[in-house]
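Me: I am new to this structure. Can you show me how to read the ligand site, step by step?

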Amino acid sequence: MSRVAYVNGRFLPHAQASVHIEDRGYQLADGVYEVWAVFGGRLADAEGHFARLERSLGELRIALPMSPKALKLVLRETIRRNLVKNGLVYLQVTRGVAPRDHAFPARPVRPSIVITAKPVDMAAAEAKAAKGIGVVTTPETRWARCDIKTVALLPNVLAKQAARENGAGEAWFVDDLGLVTEGASSNAWIVDADGVLRTRDLNANILRGVTRKSLMELIARDGLQVSERPFSVEEAKQAREAFITGAGSLVTPVVCIDGAPVGDGAPGPVAKRLRASYLSEASNRAA
Ligand code: PDD
(Lines give C-alpha, C1' and ligand atoms only; values in the text may rest on other atoms or scores of the structure.)
Protein backbone atom coordinates (compact mmCIF):
# COMPACT_ATOMS: atom_id res chain seq x y z
CA MET A 1 0.00 0.00 0.00
CA SER A 2 1.40 3.44 -0.85
CA ARG A 3 1.49 5.98 1.95
CA VAL A 4 -0.12 9.38 1.67
CA ALA A 5 0.82 12.61 3.47
CA TYR A 6 -1.17 15.79 3.95
CA VAL A 7 0.88 18.91 3.15
CA ASN A 8 -0.60 22.41 3.21
CA GLY A 9 -4.03 21.50 1.90
CA ARG A 10 -3.14 18.56 -0.36
CA PHE A 11 -2.86 14.81 0.00
CA LEU A 12 0.34 13.68 -1.75
CA PRO A 13 2.19 10.41 -2.23
CA HIS A 14 4.48 10.15 0.80
CA ALA A 15 7.65 9.94 -1.32
CA GLN A 16 6.81 13.18 -3.14
CA ALA A 17 5.56 15.16 -0.13
CA SER A 18 7.92 18.02 0.72
CA VAL A 19 8.15 21.49 2.23
CA HIS A 20 10.03 24.60 1.09
CA ILE A 21 13.74 24.92 1.96
CA GLU A 22 12.97 28.17 3.80
CA ASP A 23 10.28 26.67 5.96
CA ARG A 24 11.02 28.00 9.45
CA GLY A 25 10.52 24.55 10.90
CA TYR A 26 13.37 23.27 8.73
CA GLN A 27 15.71 26.22 9.29
CA LEU A 28 14.92 27.30 12.86
CA ALA A 29 12.85 24.52 14.46
CA ASP A 30 10.16 27.20 14.69
CA GLY A 31 7.18 24.90 15.01
CA VAL A 32 5.28 22.42 17.12
CA TYR A 33 4.01 18.87 16.74
CA GLU A 34 1.59 16.35 18.18
CA VAL A 35 1.39 12.58 18.05
CA TRP A 36 -1.80 10.60 18.56
CA ALA A 37 -1.99 6.86 19.01
CA VAL A 38 -4.59 5.35 16.69
CA PHE A 39 -6.79 2.47 17.86
CA GLY A 40 -9.27 0.89 15.47
CA GLY A 41 -8.77 3.77 13.02
CA ARG A 42 -9.68 6.35 15.66
CA LEU A 43 -7.66 8.90 17.66
CA ALA A 44 -6.68 7.98 21.22
CA ASP A 45 -6.97 10.76 23.78
CA ALA A 46 -8.14 12.98 20.92
CA GLU A 47 -9.12 16.05 22.92
CA GLY A 48 -6.09 16.05 25.22
CA HIS A 49 -3.74 16.23 22.24
CA PHE A 50 -5.83 18.93 20.51
CA ALA A 51 -5.83 21.02 23.69
CA ARG A 52 -2.05 20.72 24.03
CA LEU A 53 -1.54 21.54 20.35
CA GLU A 54 -3.54 24.75 20.75
CA ARG A 55 -1.58 25.62 23.87
CA SER A 56 1.82 24.98 22.23
CA LEU A 57 0.83 27.10 19.22
CA GLY A 58 -0.48 29.85 21.48
CA GLU A 59 2.77 29.99 23.45
CA LEU A 60 4.69 30.52 20.18
CA ARG A 61 2.07 32.84 18.65
CA ILE A 62 1.55 30.58 15.64
CA ALA A 63 -2.01 30.35 14.30
CA LEU A 64 -3.60 27.01 13.51
CA PRO A 65 -3.90 27.21 9.70
CA MET A 66 -7.42 25.72 9.71
CA SER A 67 -10.31 25.40 12.12
CA PRO A 68 -10.00 22.69 14.80
CA LYS A 69 -13.03 21.02 13.25
CA ALA A 70 -11.42 20.91 9.79
CA LEU A 71 -8.17 19.68 11.32
CA LYS A 72 -9.96 16.76 12.95
CA LEU A 73 -11.47 15.82 9.59
CA VAL A 74 -8.06 15.95 7.89
CA LEU A 75 -6.45 13.84 10.61
CA ARG A 76 -9.17 11.21 10.20
CA GLU A 77 -8.87 11.35 6.42
CA THR A 78 -5.11 10.84 6.67
CA ILE A 79 -5.70 7.77 8.85
CA ARG A 80 -8.29 6.47 6.39
CA ARG A 81 -6.19 7.03 3.26
CA ASN A 82 -3.26 5.22 4.85
CA LEU A 83 -5.51 2.33 5.96
CA VAL A 84 -4.19 2.64 9.51
CA LYS A 85 -6.08 0.54 12.02
CA ASN A 86 -3.60 0.70 14.88
CA GLY A 87 -0.73 3.12 14.66
CA LEU A 88 0.32 6.73 15.00
CA VAL A 89 -0.63 10.05 13.47
CA TYR A 90 1.99 12.80 13.36
CA LEU A 91 1.06 16.46 12.93
CA GLN A 92 3.49 19.34 12.55
CA VAL A 93 2.70 23.04 12.30
CA THR A 94 5.47 25.57 11.68
CA ARG A 95 5.43 29.35 11.45
CA GLY A 96 5.65 29.03 7.68
CA VAL A 97 8.00 29.95 4.82
CA ALA A 98 9.95 33.22 4.88
CA PRO A 99 13.47 34.50 4.07
CA ARG A 100 15.71 33.36 6.91
CA ASP A 101 15.62 35.82 9.83
CA HIS A 102 15.45 34.85 13.49
CA ALA A 103 12.61 37.22 14.39
CA PHE A 104 9.08 36.48 13.16
CA PRO A 105 8.45 37.32 9.47
CA ALA A 106 7.71 41.05 9.10
CA ARG A 107 4.75 40.29 6.87
CA PRO A 108 2.52 37.52 8.20
CA VAL A 109 2.93 34.18 6.42
CA ARG A 110 0.65 31.18 6.41
CA PRO A 111 1.77 28.49 8.87
CA SER A 112 2.80 25.20 7.26
CA ILE A 113 1.05 21.99 8.19
CA VAL A 114 2.09 18.40 7.59
CA ILE A 115 0.25 15.26 8.69
CA THR A 116 1.43 11.66 8.29
CA ALA A 117 0.07 8.36 9.58
CA LYS A 118 1.71 4.98 9.97
CA PRO A 119 0.61 1.59 11.23
CA VAL A 120 2.10 -0.03 14.34
CA ASP A 121 2.41 -3.79 14.63
CA MET A 122 0.47 -4.26 17.87
CA ALA A 123 1.66 -7.84 18.34
CA ALA A 124 5.28 -6.66 18.19
CA ALA A 125 4.49 -3.75 20.53
CA GLU A 126 2.88 -6.14 23.02
CA ALA A 127 5.86 -8.49 22.80
CA LYS A 128 8.20 -5.57 23.51
CA ALA A 129 6.12 -4.45 26.50
CA ALA A 130 5.96 -8.01 27.81
CA LYS A 131 9.77 -8.06 27.87
CA GLY A 132 10.14 -4.54 29.18
CA ILE A 133 12.76 -2.02 28.14
CA GLY A 134 15.97 -0.68 29.63
CA VAL A 135 16.59 3.03 30.17
CA VAL A 136 19.82 4.98 30.41
CA THR A 137 20.11 8.25 32.30
CA THR A 138 21.56 11.41 30.83
CA PRO A 139 22.04 14.97 32.14
CA GLU A 140 19.13 17.36 31.52
CA THR A 141 20.40 19.73 28.84
CA ARG A 142 17.13 21.03 27.38
CA TRP A 143 15.74 24.57 27.37
CA ALA A 144 13.39 25.81 30.08
CA ARG A 145 10.15 25.47 28.06
CA CYS A 146 9.76 21.72 27.68
CA ASP A 147 6.03 22.25 28.28
CA ILE A 148 5.83 23.41 24.64
CA LYS A 149 5.87 20.46 22.25
CA THR A 150 8.31 21.99 19.75
CA VAL A 151 10.11 20.24 16.93
CA ALA A 152 13.41 21.43 18.47
CA LEU A 153 14.41 17.99 19.74
CA LEU A 154 18.19 17.81 19.47
CA PRO A 155 18.84 16.91 23.14
CA ASN A 156 16.11 14.26 22.85
CA VAL A 157 17.71 12.93 19.65
CA LEU A 158 21.12 12.63 21.32
CA ALA A 159 19.62 11.05 24.44
CA LYS A 160 17.68 8.49 22.41
CA GLN A 161 20.79 7.65 20.40
CA ALA A 162 22.74 7.10 23.64
CA ALA A 163 19.94 4.76 24.73
CA ARG A 164 20.12 2.84 21.47
CA GLU A 165 23.90 2.53 21.62
CA ASN A 166 23.51 1.02 25.10
CA GLY A 167 20.82 -1.43 24.08
CA ALA A 168 18.14 0.56 25.93
CA GLY A 169 14.72 1.68 24.71
CA GLU A 170 14.55 5.10 26.36
CA ALA A 171 16.72 7.75 28.02
CA TRP A 172 15.71 9.58 31.19
CA PHE A 173 16.86 13.16 31.69
CA VAL A 174 18.25 13.88 35.17
CA ASP A 175 18.31 17.44 36.52
CA ASP A 176 21.01 19.19 38.60
CA LEU A 177 19.51 17.79 41.81
CA GLY A 178 19.81 14.21 40.54
CA LEU A 179 16.06 13.95 40.00
CA VAL A 180 14.50 12.37 36.91
CA THR A 181 12.51 14.85 34.81
CA GLU A 182 11.13 12.69 31.98
CA GLY A 183 12.14 10.52 29.06
CA ALA A 184 13.37 11.63 25.62
CA SER A 185 9.88 10.88 24.24
CA SER A 186 7.86 9.76 27.26
CA ASN A 187 7.04 10.54 30.88
CA ALA A 188 8.84 8.60 33.60
CA TRP A 189 7.19 6.73 36.48
CA ILE A 190 8.11 4.42 39.34
CA VAL A 191 6.23 2.35 41.87
CA ASP A 192 8.34 3.23 44.90
CA ALA A 193 9.40 1.00 47.80
CA ASP A 194 6.11 1.90 49.62
CA GLY A 195 4.00 0.95 46.61
CA VAL A 196 3.25 4.59 45.71
CA LEU A 197 3.15 5.55 42.02
CA ARG A 198 5.44 8.51 41.46
CA THR A 199 5.94 10.81 38.48
CA ARG A 200 7.29 14.32 38.11
CA ASP A 201 4.88 17.21 38.83
CA LEU A 202 3.72 19.58 36.09
CA ASN A 203 5.47 22.61 37.59
CA ALA A 204 8.73 20.94 36.61
CA ASN A 205 10.21 21.54 33.18
CA ILE A 206 8.52 18.61 31.44
CA LEU A 207 5.95 17.96 28.75
CA ARG A 208 2.44 17.65 30.12
CA GLY A 209 1.92 14.15 28.81
CA VAL A 210 -1.57 13.37 27.59
CA THR A 211 -1.12 9.65 28.27
CA ARG A 212 0.17 10.58 31.75
CA LYS A 213 -3.05 12.53 32.38
CA SER A 214 -5.32 9.72 31.18
CA LEU A 215 -3.41 7.23 33.27
CA MET A 216 -3.83 9.45 36.35
CA GLU A 217 -7.60 9.06 35.93
CA LEU A 218 -7.29 5.28 35.67
CA ILE A 219 -5.03 5.17 38.72
CA ALA A 220 -7.52 7.22 40.75
CA ARG A 221 -10.31 4.87 39.68
CA ASP A 222 -8.23 1.83 40.65
CA GLY A 223 -7.68 3.33 44.10
CA LEU A 224 -3.88 3.16 43.72
CA GLN A 225 -1.80 5.67 45.61
CA VAL A 226 -0.11 8.28 43.43
CA SER A 227 2.18 11.18 44.23
CA GLU A 228 3.60 13.81 41.87
CA ARG A 229 6.83 13.82 43.85
CA PRO A 230 10.19 13.74 42.06
CA PHE A 231 12.38 10.67 42.36
CA SER A 232 16.13 10.27 42.08
CA VAL A 233 17.93 7.77 39.87
CA GLU A 234 18.88 5.87 43.01
CA GLU A 235 15.23 5.70 44.16
CA ALA A 236 14.25 4.48 40.71
CA LYS A 237 16.85 1.71 40.89
CA GLN A 238 15.49 0.70 44.32
CA ALA A 239 11.85 0.96 43.18
CA ARG A 240 9.51 -2.01 42.94
CA GLU A 241 8.70 -1.09 39.35
CA ALA A 242 9.31 1.55 36.73
CA PHE A 243 7.55 2.40 33.48
CA ILE A 244 7.09 5.08 30.83
CA THR A 245 4.02 6.59 29.22
CA GLY A 246 3.49 8.29 25.87
CA ALA A 247 1.49 8.14 22.66
CA GLY A 248 4.19 5.91 21.16
CA SER A 249 5.04 3.72 24.14
CA LEU A 250 1.51 3.78 25.70
CA VAL A 251 2.48 2.23 29.05
CA THR A 252 5.76 0.30 28.79
CA PRO A 253 7.51 -1.39 31.73
CA VAL A 254 11.14 -0.46 32.45
CA VAL A 255 13.19 -3.41 33.68
CA CYS A 256 16.63 -1.89 34.10
CA ILE A 257 18.18 1.53 34.62
CA ASP A 258 21.80 2.10 33.55
CA GLY A 259 22.19 -1.67 33.52
CA ALA A 260 20.87 -2.18 37.10
CA PRO A 261 17.70 -4.31 37.32
CA VAL A 262 14.52 -2.69 38.67
CA GLY A 263 12.79 -5.02 41.13
CA ASP A 264 13.39 -8.56 39.92
CA GLY A 265 14.35 -7.32 36.45
CA ALA A 266 11.01 -8.23 34.87
CA PRO A 267 7.92 -6.09 34.09
CA GLY A 268 6.02 -5.45 37.33
CA PRO A 269 2.36 -6.28 38.00
CA VAL A 270 1.22 -2.65 38.36
CA ALA A 271 2.77 -1.55 35.06
CA LYS A 272 1.38 -4.60 33.26
CA ARG A 273 -2.10 -4.00 34.65
CA LEU A 274 -2.01 -0.30 33.84
CA ARG A 275 -0.92 -1.01 30.26
CA ALA A 276 -3.85 -3.37 29.78
CA SER A 277 -6.38 -0.98 31.31
CA TYR A 278 -5.00 2.03 29.40
CA LEU A 279 -5.22 0.12 26.12
CA SER A 280 -8.77 -1.01 26.71
CA GLU A 281 -9.96 2.38 28.04
CA ALA A 282 -8.22 4.44 25.34
CA SER A 283 -9.53 2.14 22.57
CA ASN A 284 -13.07 2.41 23.92
CA ARG A 285 -12.88 6.19 24.11
CA ALA A 286 -10.97 6.69 20.80
CA ALA A 287 -12.76 9.22 18.59
N1 PDD B 1 6.48 12.08 22.57
N2 PDD B 1 7.73 13.72 27.20
C3 PDD B 1 8.29 13.95 25.99
C4 PDD B 1 9.58 14.69 25.94
C5 PDD B 1 7.65 13.50 24.83
O6 PDD B 1 8.21 13.75 23.63
C7 PDD B 1 6.44 12.79 24.92
C8 PDD B 1 5.71 12.28 23.71
C9 PDD B 1 5.89 12.56 26.21
C10 PDD B 1 4.59 11.84 26.40
O11 PDD B 1 3.52 12.65 26.00
P12 PDD B 1 2.14 12.04 25.46
O13 PDD B 1 1.68 11.09 26.50
O14 PDD B 1 1.26 13.21 25.35
O15 PDD B 1 2.44 11.37 24.16
C16 PDD B 1 6.56 13.05 27.31
C17 PDD B 1 5.87 11.71 21.31
C18 PDD B 1 5.11 10.45 21.36
C19 PDD B 1 6.95 11.73 20.23
O20 PDD B 1 7.82 12.60 20.34
O21 PDD B 1 6.91 10.93 19.31
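Reply: Start with a rule. A polar contact is a pair of N or O atoms within 3.5 Å. Now the case: a nitrogen atom of the ligand is 2.7 Å from an N or O atom in the side chain of glutamate 182. Keep in mind that this is a predicted model.

Me: Which side-chain partner does an oxygen atom of the ligand have at 2.8 Å?

Reply: That is arginine 52, through an N or O atom of its side chain. The backbone takes part too: a polar backbone atom of alanine 247 is 2.8 Å from an oxygen atom of the ligand.

Me: How much of the ligand's accessible area does the protein cover?

Reply: On its own, the ligand has 470 Å² of accessible area, and the protein covers 89% of that.

Me: Which residues come nearest to the ligand?

Reply: There are 21 residues around the ligand, and Tyr33, Arg52, Glu182, Val210 and Thr211 come nearest.

Me: What classes make up that shell?

Reply: The shell has 11 polar, six nonpolar and four charged residues.

Me: Which elements give two or more residues to the shell?

Reply: Three strands and two helices are listed: strands S3 (31–39), S9 (180–183) and S13 (241–246), with helices H2 (46–60) and H6 (210–222). Domains matter here as well. Domain 1 (4–120) and domain 2 (125–285) each supply at least three residues to the shell.

Me: Now the rings. What lies over the face of phenylalanine 50?

Reply: A charge can sit over a ring if it is within 6 Å of the ring centre and within 35 degrees of the ring normal. Lysine 72 lies over phenylalanine 50, 4.7 Å from the ring centre. Arginine 81 lies over the face of phenylalanine 11, at 4.1 Å from the ring centre.

Notes
Residues are numbered from 1 along each chain as its sequence is written. This is a predicted model: local features need pLDDT of at least 70, side-chain atom pairs count only at pLDDT 80 or more; totals for chains, interfaces and linings use all residues. Side-chain values use heavy atoms; hydrogens and water are left out. A residue is near a molecule or strand if one of its heavy atoms lies within 4 Å of it. A polar contact is a pair of N or O atoms within 3.5 Å; within protein, one must be able to donate a hydrogen and the other to accept it, and residues adjacent in sequence count only if both atoms are side-chain atoms. Accessible areas come from the Shrake-Rupley method with a 1.4 Å probe; for residues, only the protein chains shown count as cover. Helices (H or I, at least four residues) and strands (E, at least two) are DSSP runs, numbered from the N terminus. Ala, Val, Leu, Ile, Met, Phe, Trp, Tyr, Cys and Pro count as nonpolar, Asp, Glu, Lys and Arg as charged, and the others, Gly among them, as polar. Domain bounds come from an automatic or database domain assignment.
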